[in-house]
Amino acid sequence: MELIVNILLGIVIAATPLVFAAIGELAVEKSGVLNLGVEGMMIVGAIAGFSVTIETGNYLAGVGAAVVAGALMALLFGFLTQSLLANQVATGLALTMFGLGLAALLGQDYSGKAAGNFPKLDIPVLSDLPLVGALLFGQDYLVYLSILLVIGVSWFFRKTRGGLIIRAIGENHDAAHAIGYPVVFYRYLVLLFGGACAGLGGAYLSVVQTPFWAEGMTAGRGWIALALVVFAAWRPGRALLGAYLFGGITILQLHSQGFGVEVEAQYLSMLPYLATIAVLVIISSDRLKVKLNAPACLTQPFRAAT
Amino acid sequence: MNGVPDPLLRLEGIARAFPGVLANDDISFSVNEGEIHALLGENGAGKSTLIKIIYGVLRPDAGTMTLRGKPFAPHRPSEARAEGIGMIFQHFSLFEALTVAENIALGISPELARGDLRGRIVEVSTRYGLRLDPDRMVGDLSVGQRQRVEIVRCLLQDPRLIIMDEPTSVLTPQEVETLFETLRRLAGEGCSILYISHKLEEIRALCDHATILRGGKVVATCTPSEETARSLAEMMLGETLSPPATDRRTPGDVRLRLNELSVEADSPFGTDLADIALEVRSGEVVGIAGVAGNGQTLLMSALIGETLAGRPDAIQLNGRPIGRMPPHGRRKAGICFVPEERLGHAAVPDMSLTENVILSARVRKGLSRNSFLNLPRAARYAGDVVARFSVKTAGIDHAARSLSGGNLQKFVVGREIMQEPSVLVASQPTWGVDAGAAAFIQEALIQLARDGAAVLVISQDLDELFAISDRIAVIAAGPPGRRPHARADRPADGWTAARPIGLARGGGARPCLGWSRGASPQGRCRC
């Protein structure tokens with residue numbers, strides 16, 4: 001029993017950074033922009049969050065710094081792709097490499113230091129319930145925030161005028177412009193949101209999950225988050241499900257290594273990534289369905305006709 | 001007040017320049033309450049710029065506008081909408097993956113979008129006979145239904161002036177008739193309509209007044225019903241035009257045969273092709289008529305070889321099965337193509353004209369040998385095309401995108417015709433080009449057929465098809481569950497341009513066009 005709870009707790013902790021990064025990127029892609037720089041924004045968020053937490057001893061300040069750092073990275077991406085009309089794919093790749101390098105530079109003095117434990121929700125009685133207590137009422141605050149974000153984004157896109165406008169811009173930016181919506185302005189807003197979410201996901205790694213700083217510690221999670229958005233067919237609920245699926249596989253393969261399963265550890269480590277590919281192939285086998293869900297203007301640069 | 005009411009909208013001295021062009025030059029006219037006012041002019045005459053200024057998308061460099069006597073200078077479309085100006089776009093500003101209600105909500109002010117929007121959509125659409133289901137996905141609607149969405153969206157805002165930019169270019173004749181009834185009714189209720197078109201017969205039938213633009217200037221104003229289509233055209237063009245001559249030719253042997261061609265669409269809102277059967281003979285021009293979205297794109301793609309047919313013998317060229325051959329193999333076998341989109345499909349925008357001839361004429365004109373390009377030869381060929389088709393360009397080493405629409409289209413058509421194909425397939429060969437270039441291109445297509453080639457023209461412009469075709473076939477989607485069996489395939493002479501559909505209905509063949517309304521994407525097509 002104890003073991004199952006531990007595994008489940010591990011899954012939540014492994015999945016949460018993916019939830020943050022994926023939900024942010026999902027919103028960005030809904031507006032018709034593909035930001036491949038998620039990995040870079042995450043790692044910059046990770047070092048910003050970690051360093052500020054160490055320097056100030058304040059977790060809130062640390063998380064805030066990660067949000068700002070991620071958003072600034074996204075702002076750079078937005079300036080290049082939205083204002084200067086640079087190619088989104090190339091710019092996104094460059095942003096990832098830039099972020100990895102920048103974080104390594106900033107993090108030189110922080111290797112080996114450790115942050116304390118992130119505050120957790122503590123409701124008398126409820127949090128002390130056996131088994132479900134720790135799982136449902138004893139998580140750190142960011143876990144609840146990630147779930148609320150997913151619900152919020154889903155609600156925003158389905159129920160609000162702002163969400164409808166962003167979906168419309170992702171679907172046909174020329175028409176949106178002709179009706180009179182400021183396409184580039186909305187895309188900047190969504191990009192900032194996406195960057196903030198990625199930064200938050202990075203901070204979750206360095207401040208909550210481990211909590212210490214190591215170079216390249218995002219280890220491809222940004223790419224997984226990008227894959228999740230496609231796997232989820234641009235639906236927030238499915239992105240959450242996907243994040244927990246991949247988190248689950250990551251944790252299970254770790255535990256199975258612990259049990260001494262007769263498979264080389266390297267193969268088990270591949271498992272979450274292989275699952276990503278497999279799921280993507282299966283999902284995208286129905287081309288019509290994917291086309292229907294995908295924002296039609298994804299990666300297309302928008303230039304207002306004069 | 002001196003007894004004469006102010007006009008609804010008055011423009012005085014409106015001017016707007018773009019780099020290198022004066023799009024609007026000192027334009028003045030006015031639109032009265034309840035009037036249907038035509039704005040007539042060729043492509044590039046400045047109509048689009050002018051309506052963008054009225055709708056607040058662009059701002060004028062000089063000049064003033066007054067609305068009901070008050071100064072009017074909208075900075076944004078929302079400001080124009082707040083003043084009661086509505087706009088029906090030429091290329092619909094709709095979102096395919098959203099529902100009708102969502103599309104409408106996006107186009108009106110947030111205050112209007114609140115509350116029971118669906119109920120009001122149903123109410124307005126019923127009142128004007130424009131039936132609409134608010135919960136349907138726009139991608140599933142026919143073109144005529146999509147225009148209804150735009151009109152209902154406009155009407156929900158209680159407009160005083162509706163601007164319509166080429167509203168009939170994508171409609172069936174029946175849909176045009178319905179649209180005109182709606183417009184006359186609106187005008188009767190006091191709403192003014194600014195109607196932009198270059199279709200002269202429509203303007204004569206519908207509009208109370210016309211302002212004619214040429215080269216950014218107002219060149220004439222008139223009462224269209226007192227003019228003839230010819231006199232309107234001459235005012236619009238500033239020159240006299242002779243219609244393309246079509247003497248009847250005796251068709252030779254079958255060059256291109258579509259044998260029960262069926263292809264499935266690869267996009268969620270595409271139309272499948274089902275059992276298309278058609279023959280094109282040497283020496284004749286065959287037109288394929290049909291409203292946009294009835295499978296023309298897929299048919300073109302299957303003919304070019306971008307989408308392969310299921311069976312090789314579904315497409316036969318001179319008796320040879322080419323249904324599963326790639327595009328270059330087909331060119332080699334003797335069939336050339338003019339796709340609908342000039343920039344991006346028929347020509348690569350950023351490549352020079354020389355490079356663009358290599359892309360399509362490499363095989364037939366021997367512009368490469370052992371994988372090496374023969375550039376001098378390609379340049380010579382490009383030069384020949386430019387000379388013979390009087391393409392206005394700064395030089396063959398300039399990028400394709402630097403050419404104007406009409407000139408690039410002449411270049412593309414010329415590039416294909418000068419390869420001396422056995423069969424030429426052209427999709428919308430004169431779409432969006434000026435009348436002079438259009439006449440030139442039509443003449444060239446007819447000449448090609450006269451020289452013995454088989455020419456297949458896919459077009460939504462019925463007037464064009466009547467002008468150049470020997471026979472016309474119709475591509476249309478049938479109602480779900482019923483497969484159309486009609487072959488509306490008859491000599492072009494058998495139809496008159498005025499009421500082609502009415503005549504076809506009276507004849508033996510069932511017109512496919514009658515089914516295109518309410519066509520679903522699952523609908524099937526047949527010639």
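Trainee: Why does A:Leu129 count as partly exposed?
Mentor: A:Leu129 has 34% relative accessibility. Buried means under 20% relative accessible area, exposed over 50%, and partly exposed in between (1.4 Å probe, protein chains only), so A:Leu129 counts as partly exposed. Keep in mind that this is a predicted model: local features need pLDDT of at least 70 and side-chain atom pairs count only at pLDDT 80 or more, while totals for chains, interfaces and linings use all residues. Residues are numbered from 1 along each chain as its sequence is written, chains are lettered from A and ligands numbered from 1 in the order in which they are written, and side-chain values use heavy atoms, leaving out hydrogens and water.

Trainee: What makes the nonpolar surface patch?
Mentor: A:Leu129 helps make it, together with A:Met1, A:Ile4, A:Leu8, A:Leu126, A:Leu131, A:Val132 and A:Leu136, over about 690 Å². Patch residues have over 30% relative accessible area (Shrake-Rupley method, 1.4 Å probe) and no salt bridge (a side-chain nitrogen of Lys or Arg within 4 Å of a carboxyl oxygen of Asp or Glu). Nonpolar side chains (Val, Leu, Ile, Met, Phe, Trp, Tyr) are joined within 5 Å, like charges within 9 Å. Helix H1 (2–30) and helix H5 (132–137) of chain A each give two or more residues, whereas A:Leu129 lies in the loop between helix H4 (88–106) and H5.

Trainee: How do you know that H1(B) is mostly covered?
Mentor: 6 of its 8 residues are buried: B:Lys47, B:Thr49, B:Leu50, B:Ile51, B:Ile53 and B:Ile54. Helices here are DSSP runs (H or I, at least four residues; strands are E, at least two), numbered from the N terminus. This helix, residues 47–54, lies across strands E3, E6, E7, E8 and E9 of chain B.

Trainee: Why are E6 and E10 of chain B called edge strands?
Mentor: Each pairs on one side only, and pairing takes at least two DSSP bridges. The open sheet's order is E6-E7-E8-E3-E9-E10, with mixed pairing. E6(B) is joined to the parallel strand E7 (residues 161–165) by 4 bridges, so by that rule the two strands pair. There, B:Met87 stands opposite B:Ile163.

Trainee: What does A:Arg238 touch?
Mentor: Contact means heavy atoms within 4.5 Å. Leaving aside residues up to four places away in sequence, A:Arg238 touches A:Phe231, A:Ala232 and A:Ala233. A:Arg238 belongs to helix H11 (residues 236–258) of chain A, and at 31% relative accessibility it counts as partly exposed.

Methods: Axes are lines fitted to C-alpha atoms, for helices over the stretch in contact, and angles run from 0 to 180 degrees between N-to-C directions.
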